[in-house]
Amino acid sequence: QVQLVESGGGLVQAGGSLRLSCAASGRTFSSYATAWFRQAPGKEREFVAAISWGGGNTDYADSVKGRFTISRDNAKNTVYLQMNSLEPEDTAVYYCAGRASYHSGSYYYRTETWDYWGQGTQVTVSS
């Protein structure tokens with residue numbers, strides 16, 4: 001089992017930045033790929049970004065490319081999502097997810113392909 005806990009959400013003005021953290025405990029986190037998803041009110045949960053266990057393979061949704069950066073520090077069992085140039089459309093609950101094997105591609109954009117989930121952290125971007 002892997003337990004995931006997100007933090008770092010909050011209220012920010014449009015154009016601002018936030019860094020989300022996903023802290024993991026349980027099985028060896030460094031062997032798990034990790035992703036960020038988000039869910040806005042009334043909408044389905046959608047893929048944001050993913051990173052392989054070693055950090056060498058990353059993938060992003062088109063809507064966040066060039067603005068968000070996913071990274072990880074396996075020594076700290078933590079994955080980060082640096083979010084810059086935030087827009088009101090980025091307002092959502094952000095969730096961290098994990099799975100053992102990963103090869104980037106649209107297959108991993110589906111929520112059902114991820115095995116472990118955190119409880120989410122709220123990000124609100126005001127205009």
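1. Starting with contacts (heavy atoms within 4.5 Å): among those in the chain between residues at least 6 apart in sequence, 59% join residues at least 24 apart.

2. A word on what you're looking at: this is a predicted model, where local features need pLDDT of at least 70, side-chain atom pairs count only at pLDDT 80 or more, and totals for chains, interfaces and linings use all residues. Residues are numbered from 1 along each chain as its sequence is written, and side-chain values use heavy atoms, with hydrogens and water left out.

3. On the fold, the chain has 11 strands and zero helices (DSSP runs numbered from the N terminus: E, at least two residues, for strands; H or I, at least four, for helices). The radius of gyration, taken over C-alpha atoms, is 13 Å, close to the 14 Å from the globule rule (2.2 Å times the number of residues to the power 0.38) for 127 residues, so the chain is as compact as a globular protein of that length.

4. Now the cysteines. A search of the whole structure turns up one disulfide (a pair of cysteine sulfur atoms within 2.5 Å). C22 and C96 make that link, with their sulfurs 2.0 Å apart. C22 sits in strand β3 (residues 18–26) and C96 in strand β9 (residues 92–99), so the pair ties together parts 74 residues apart in sequence. The link is left-handed, at -75° about the S-S bond.

5. Both C22 and C96 are buried (under 20% relative accessible area, 1.4 Å probe, protein chains only). Across the chain, 45% of the 127 residues count as buried.

Notes. Buried < 20%, exposed > 50% of the residue type's maximum accessible area, 1.4 Å probe, protein only.
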